[in-house]
Amino acid sequence: MADDELEAIRRQRMAELQSKHGDSSNDQQGQQEAKQRETEMRNSMLAQVLDQSARARLSNLALVKPEKAKAVENYLIQMARMGQLGGKISETGLIDILEKVSQQTEKKTTVKFNRRKVMDSDDEEDD
């Protein structure tokens with residue numbers, strides 16, 4: 001009798017695990033689809049805002065510095081949503097925007113030297 005109860009508990013537990021795993025895979029699939037829709041939306045907005053040469057430059061930048069390219073994309077999308085762009089941006093316009101973003105995100109490094117005071121025989125006078 002204990003074997004039958006144990007087997008029933010095992011089946012119930014397996015059913016719970018399978019239902020949980022099935023739900024999590026659906027959630028992951030939904031998140032993946034949402035991410036794909038967002039990417040498609042971003043690409044369509046950028047296609048409307050940038051001309052072909054500027055898109056090529058931005059995609060090259062994304063290969064080398066993805067975080068900088070993402071910042072420029074966000075900046076362009078924000079400007080497009082606010083209606084601040086008059087038309088398609090050319091490659092030279094994109095270069096100007098890249099320079100602005102670089103200046104804003106530029107990290108200034110400073111080097112500070114801490115001089116250690118070493119025991120110097122000249123400081124002490126031994127008579």
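**Arg42 and the helices around it**

Arginine 42 counts as buried because its relative accessibility is 12%, under the 20% cut-off. That's a good way into this predicted model, a chain with four helices and zero strands. Here's a quick tour, starting with that arginine and its partners, then moving on to helix H4 and the aromatic rings.

**Overall layout**
- Reading from the N terminus, the elements go α-α-α-α.
- The chain has 127 residues, and 15% of them are buried.
- Take the contacts between residues at least 6 apart in sequence: 69% of these link residues at least 24 apart.

**Arginine 42 and its partners**
- Arginine 42 sits in helix H1, which covers residues 2–49, while glutamate 73 belongs to helix H3, residues 66–82.
- The side chains of these two residues meet in a polar contact of 3.1 Å.
- Arginine 42 has another side-chain polar contact, with asparagine 74, at 2.9 Å.
- Skip the neighbours within four places in sequence, and arginine 42 is in contact with Lys70, Glu73, Asn74 and Ile77.
- Buried or exposed: what about glutamate 73? Glutamate 73 counts as buried, because its relative accessibility is 16%, again under 20%.
- With residues up to four places away in sequence left out, glutamate 73 touches Arg42, Leu46 and Leu58.

**Helix H4**
- Helix H4 takes in residues 91–105, so 15 residues in all. At 1.5 Å a residue they should span 21 Å, and the end C-alpha atoms are indeed 21 Å apart, so expectation and model agree.
- Which residues of H4 are buried? They are Leu94, Ile97, Leu98 and Val101.
- These buried residues cover an arc of only 105 degrees around the axis, so they lie on the same side of H4.
- Here's the helix geometry behind that kind of pattern: an α-helix has 3.6 residues a turn, so residues three or four places apart point the same way.
- Thr92 and Gln103, on the other side of H4, are exposed.
- As for what covers the buried residues of H4, the list includes helix H2 (52–64) and H3.

**Aromatic rings**
- If you're after ring–ring pairs, a search of the whole structure turns up zero aromatic pairs.
- There is a charge over a ring, though: arginine 115 lies over the face of phenylalanine 113, 5.6 Å from the ring centre.

Technical notes:
Residues numbered from 1 in each chain as written. Predicted model: local features only at pLDDT ≥ 70, side-chain atom pairs only at ≥ 80, totals over all residues. Heavy atoms only, no water. Phe/Tyr/Trp six-rings, centres within 6.5 Å; stacked < 30°, edge-to-face > 60°. Lys NZ or Arg CZ within 6 Å of the ring centre and 35° of its normal. Helix = DSSP H or I, 4+ residues; strand = E, 2+ residues; numbered from the N terminus. Buried < 20%, exposed > 50% of the residue type's maximum accessible area, 1.4 Å probe, protein only. Polar contact = N/O pair within 3.5 Å; in protein donor to acceptor, adjacent residues only side chain to side chain. Contact = heavy atoms within 4.5 Å. Expected span 1.5 Å × (residues − 1). Arc of directions from axis to C-beta.
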